[in-house]
Amino acid sequence: MADYHWPPAEKRSLIGKPISRIDGPWKSSGRAKYSYDVNLPGMLHAKMLFSPHAHAKIVSIDTSEAERAPGVKAVHVMTEAGNEARWAGQEIVALAAETEDQARDALRKIVVNYEVLPHLVSDVEPSKAGQNVGKTNETTDGQADQAFAQAEVTHEGEYGASVINHCCLESHGQVSVWDGDHLTVYASTQNIAGVAGEIARALKIEQGNIEVITPVMGGGFGSKFGADSWGVACAQLAKKAGRPVKLMLERDQELMSAGSRPSLYARVRVGGKKDGTLVAWSSESWGTSGPNPGGGTPNLPYVIRIPNRRVRHTPVLTNTGPARAWRAPTHPQLCVITMGALDDLAAKMRMDPVDLLLKNIELTGPLAKTYTEELHKAAELMDWQKKWHPRGDKSADHIKHGLGVSIHTWGGGGHPSQCRCTISPDGSVEVSLATQDLGTGTRTVVGIVAAETLGLPLAGVKVNIGDTKYPPDSGSGGSTTVGGVSASTRRAATNALNQLLEKVASSLGAQADELEAWHGQIRVSKNPAKAISWKQACAKLGATPISAMGERGQRDDLISSGVGGAQMAEVSVDTETGVVQMKKLVAVQDCGLVIDLKTATSQVYGACIMGITYSLFEHKVFDEQTGRNLNADMEFYKLAGIGDIGEIVVHMMTGGEYDKRGVIGLGEPPVISAGAAISNAVANAIGVRVSPIPLTADKVLAALERGGAA
Amino acid sequence: MARRDEPKKPRPDGGLDGAPGAEKSKGKGAGIGRRDFVKLVGGAGAAVTAGVLAGEQLLSAGAVEAQEMGVVRGKVLGPDPVAMTLRINGTAKNVKLEPRVTLLDALRNHLDLTGAKNVCDRGACGACTVIINGKAMYSCTVLAIDVADRPGKPGADIRTIESLATGEQLHAVSAAFVENDAQQCGFCTPGFVMACKAYIDHHPNPTHEKVIHELDGNLCRCGTYMGIRKAVVEAAPRMKGGQA
């Protein structure tokens, strides 16, 4: 009988190899149908009116003229009169019309009277935020004051990360279709089950009457877990009109309302011994998550647990679009603050920052050995020893070069997941589970695990995901999907295989537990010549397919959690223009047992590029006078282009001890360090800290004026 | 409500607004860009509701582009839908559209050709890239009526990503995207594939260095540029081999 454990390296045909994603041809030929692409007979197009004011009471809403406008079939008020709009962009009314343009025309005929209220859109420090502050929280460990008194070198500085957007290329939204009491939702989501549940609760219908379908989706990055107000509105418009309705956010709404990453700024004091041993940390931080206070006290310092610390945090409430989980929530911000402060302390000590990290590596806890290996590997790939210079490029040229380093961590683990594996008498295999592929390669990973387990080529397995009619899985977030689906799929496929082995054992003159599936055959493990083909074996099933379930276990030993990761950045800075250019980014990453090396590597490349983008370009900009988001478009909300990223080198830590940890998620960790590594590289180049990220030209020039060593 | 009637702005980095990479080196000196032309015709709020003005002001502002686009002098069309014929992927398609409808919306909402994506809807990201008369163009900044048939003159040759694959056989660029994992969520991918194809059509010997300068008219959020760089270089010789 086959057991659940991952096969040893020499017994892996597919796992860990670079394999092209199985939905690749579908996507690159333009045939993949996203929610935005669903066209149904009689379908209406819905658009939403949003508040132009950052803070206002809605006095009255008159939709009567809009209801009579050409093509309009249904109108739904999303925020009733009497309520407040708390950011410019908050949705007020949705309506559905025959064409997109008719819907836009009709929105202009809606009359909303607002009583404009005072607003704050800038994430200023708490002392300047008036009433718009939340409760201050403080966390302490050890004796920070005593430790500072004993520190031989201390450094104080300010670090931070501005508010940015998710900017999913496929905007949020869905197509909703009623058939009697049954609702089908083609949703662009990271969480098909969650969307079904939320709509069911809002409309007070049974969840079993809702099917959510998401075969592909155009990016989420943490912002697409819920049905959202527009998911509910779309279903209601479809009900009112008696026709299918498509409601996808327009780009400005996507950027104003559909997700932002909270800002975090901190005044930091950090102290150590002359030999680099870190002894004390204190920080006063603030930041905004929009109109609601964010999570608790930020867990500073990040990764390196300095024994004595005092951490104080005050949320600032702003009239801006509410924050949502953004790939590795809070980690990039904590990382840029911590690693920036440590880098500045190292400069003050005239230490190489890699040496400072290695000196304190035991403070990282159980991953100390991993970090040590990763830092050495990254240094080798960056040629750090040869290229690094003390702070401030002393060359005469106005183009300054610099290097920076950072390390990061993430948990991962596996979310709850069930999978069904069906083996048919004709030899065909299907694995089905209600997960979703965000572009991370989930569909491919499920296929690889099933095919490997059954000794088949990848093409021998059909993968069914992205539909709530399949066995329940969970939302895809926090790097938990690959753990969940690989465990449930491995168990389902193993259970199905064992049923097959029972059926064919007698024909091979062996016991089922003496058999194995290998390279398209069922064979006797200790006598491989005794074998029948997969097809012959399945033919012995008669008329009845095998169907077996598998579930991720409570403490599943196929998977685990907790990874490290090290990144090093090389930049050049033009001290005349302030422009920072990426030269090279090295990312060394562990994630336990890699299922598909190709899509795993792509995750890291992609995370690096996203990291470069938020380090250099991204910033959600508001006008304090009008309260409006000034760059809710893609000309001025800047994403890196193909020429902006320099060279990127990715190295995955695999084999040996890494494989033994089982499968661990990878989506979040590699996006964390870039901000810190790039920020530190700029400081190394020009001799002065530029903060907060993004490191735009204006901030670089301002920092140089304050006193760069360049 | 400031929405689609907001004036369109140039890219802050000084890049050529609107034109995909393959077009970047050309047409800069023609006085008025293609996107400015579209702006004049369809971008201004008044023109949108009053129908397309195809008269003297327009020709004086951009006579070259107007003639190239085949605008008929002096005739006012719309605002109601008008019958037109679009030549898409070698087939004449008869549609009835309001003159303000962009080529992108015509493809996606009226012809169910959904490969070209609507992302920024204003010429910044390239997800809607199609090939018009051999050039990569942003279909969100082209009005359908401007590339449709005119009396005595066939409309532009419009190629969408749906024309690339024949049956199960992928186009060389699409295949190179799969092989090099130059796609994640895949939403920017069709636009990128079309931009890459047009680029290789005009530059059969791309290098990594050239690609990073010439293909920056398309944006990806997942971060697939490393794969795309490799895919373009790898696909070019295969296209010469007759797979184009």
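**Tour: a sheet in chain B, then two nonpolar cores**

Select strand S3 (residues 129–132) and strand S5 (residues 157–159) of chain B: in this predicted model the two pair in the antiparallel sense over two bridges. Within that pairing, show B:Ile132, which stands opposite B:Ile158 in S5(B).

Now add helix H4 (residues 103–110) of chain B, which packs on the sheet and touches strand S1 (82–88), S2, S3 and S5 of chain B. The direction of H4 makes about 110° with that of S3(B). Next select helix H6 (residues 189–202) of chain B; H6 also packs on the sheet, with contacts to S3, S4 and S5 of chain B. Its direction makes about 35° with that of S3(B).

With the helices hidden, colour the strands in the order S2-S1-S5-S3-S4 (chain B) to see an open sheet of five strands with mixed pairing. Strand S2 (91–97) and strand S4 (135–138) of chain B are the edges, each pairing on one side only. Ignoring direction, neighbouring strands of this sheet are turned by 45° against each other on average.

Move on to the largest nonpolar core, which has 151 residues. Label A:Ile407, A:Met568, A:Met634 and A:Ile648, the residues with the most contacts inside it. Helix H15 (residues 597–616) of chain A gives the most to this core, with 10 residues. Domain 1 (35–117 + 172–248) and domain 2 (260–412 + 560–707) of chain A each supply at least three residues to this core.

Centre on A:Ile648: among the residues it touches are A:Leu585, A:Tyr605, A:Cys608 and B:Met226.

Finally, select A:Leu456, A:Ala492, A:Ala493 and A:Ala496, which are included in a second, separate core of 51 residues.

Note on methods. Residues are numbered from 1 along each chain as its sequence is written. Chains are lettered from A and ligands numbered from 1 in the order in which they are written. This is a predicted model: local features need pLDDT of at least 70, side-chain atom pairs count only at pLDDT 80 or more; totals for chains, interfaces and linings use all residues. Side-chain values use heavy atoms; hydrogens and water are left out. Two strands pair if DSSP finds at least two bridges between them. Helices (H or I, at least four residues) and strands (E, at least two) are DSSP runs, numbered from the N terminus. Axes are lines fitted to C-alpha atoms, for helices over the stretch in contact, and angles run from 0 to 180 degrees between N-to-C directions. Contact means heavy atoms within 4.5 Å. A nonpolar core is a set of buried Ala, Val, Leu, Ile, Met, Phe, Trp, Tyr and Cys residues joined through side-chain atoms within 4.5 Å. Buried means under 20% relative accessible area, exposed over 50%, partly exposed in between (1.4 Å probe, protein chains only). Domain bounds come from an automatic or database domain assignment. Lists of a residue's contacts leave out its neighbours within four places in sequence.
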